[in-house]
Amino acid sequence: MTIAIAANSVPKPPADIIAGFRDAPTSIISDNLSRLPGAVGLRPFHRGAKLVGTAFTVRTRPGDNLAIHRALELVGPGDVIVVDGGGDETRALVGEIMKNIAQWRKAEGYVIDGAIRDVAAFAADDFPCFARAVIHRGPYKNGPGEINVPVTIGGSVISPGDIVVGDEDGVVSFPAAGAAALLEAVRAQMSREEETLKAIREGRYQGSYGKS
């Protein structure tokens, strides 16, 4: 079956924008997106590195990874491979070999609304992988699938070229167009929260956090 490719690559935001979000917790990014966007039900399976990059999206039939293999021929530096597997947990879409291919292509990591396997290989590595579940059963490779189209990941719509950030708390995404203003708001909240923590440590906290 065919794999439809809407675009072979995705536009990248300025490097300083991507760099700025490397220190930004997903929780604070979420707060400044009205606490609305963000994938539900995914968790990190890697050793702990931060995920920041640009969404290179894949939609595949549940339990089938042919489209992911095709995407791995196209991804490059800065790309986060975002896979809409329909939330299916009965077959793994990615394992150790596909992890290594993505690393070799210098992708930033995986976000998978579906299952993975070879979990020990992910746990021993800093290469980011967020997924829904683990299962030993392998995938079909029949298609169909789509590459670089809007996808749904854990209830969150992610479009090609969106910025994707992942950490221990989960995954959040947003359009690159508003990223500079969002980063400014995130940094302001980080500063306020650090001041609150300092006030608690110094014994002068007066309940300001509950009013923000």
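**Exercise 1.** In this predicted model, determine which residues of α6 are buried and what they pack against.

*Solution.* Step 1: apply the cut-off, under 20% relative accessible area for a buried residue. In α6, this gives A179, L182, L183, V186, Q189, T196 and A199. Step 2: look up the contacts of these buried residues. They pack against two helices and two strands, namely α1 (15–20), α2 (26–31), β13 (163–167) and β14 (170–174).

**Exercise 2.** Check how far apart the end C-alpha atoms of α6 should be and how far apart they are.

*Solution.* Step 1: α6 has 23 residues, and at 1.5 Å a residue the expected span is 33 Å. The product is taken with one less than the number of residues. Step 2: the end C-alpha atoms of α6 are 33 Å apart, in agreement with the expected span. Step 3: inspect what follows the helix. Just after α6, G203 has a positive phi of about 75°.

**Exercise 3.** Classify L197 as buried, partly exposed or exposed, and find the surface patch that includes it.

*Solution.* Step 1: L197 belongs to helix α6, which covers residues 179–201. Step 2: its relative accessible area is 45%. The limits are under 20% for buried and over 50% for exposed, so L197 is partly exposed. Step 3: L197 joins I200, Y205 and Y209 in a nonpolar surface patch, whose accessible area is about 400 Å² together.

**Exercise 4.** Describe the surroundings of V58.

*Solution.* Step 1: V58 is part of strand β3, residues 51–60. Step 2: V58 has a relative accessible area of 0% and is therefore buried. Step 3: leaving out residues up to four places away in sequence, the contacts of V58 include A67, I68, A71, V82 and V151. Step 4: G85 is 27 residues from V58 in sequence, yet their C-alpha atoms are 8.4 Å apart in space.

**Exercise 5.** Establish how β6 is covered and which strands pair with it.

*Solution.* Step 1: five of the five residues of β6 (109–113) are buried. G109, V111 and D113 lie on one side, with Y110 and I112 on the other. Step 2: β4 (residues 79–84) runs parallel to β6 and is joined to it by five bridges. Strand β8 (residues 129–131) also pairs with β6 in the parallel sense, over two bridges. Step 3: V111 stands opposite V82, and its bridge partner in β8 is F130.

**Exercise 6.** Find the edge strands of the open sheet β5-β7-β9.

*Solution.* Step 1: three strands follow the order β5-β7-β9, with parallel pairing. Step 2: β5 (92–94) and β9 (133–134) each have a single partner strand, so they stand at the edges, and one side of each lacks a neighbour in the sheet. Step 3: two bridges connect β5 and β7 (residues 115–116), and V94 has I116 as its bridge partner in β7.

Note on methods
Residues are numbered from 1 along each chain as its sequence is written. This is a predicted model: local features need pLDDT of at least 70, side-chain atom pairs count only at pLDDT 80 or more; totals for chains, interfaces and linings use all residues. Side-chain values use heavy atoms; hydrogens and water are left out. Patches are made of residues with over 30% relative accessible area and no salt bridge: like charges are joined within 9 Å, nonpolar side chains (Val, Leu, Ile, Met, Phe, Trp, Tyr) within 5 Å. Accessible areas come from the Shrake-Rupley method with a 1.4 Å probe; for residues, only the protein chains shown count as cover. A salt bridge is a side-chain nitrogen of Lys or Arg within 4 Å of a carboxyl oxygen of Asp or Glu. Helices (H or I, at least four residues) and strands (E, at least two) are DSSP runs, numbered from the N terminus. Buried means under 20% relative accessible area, exposed over 50%, partly exposed in between (1.4 Å probe, protein chains only). Contact means heavy atoms within 4.5 Å. Two strands pair if DSSP finds at least two bridges between them.
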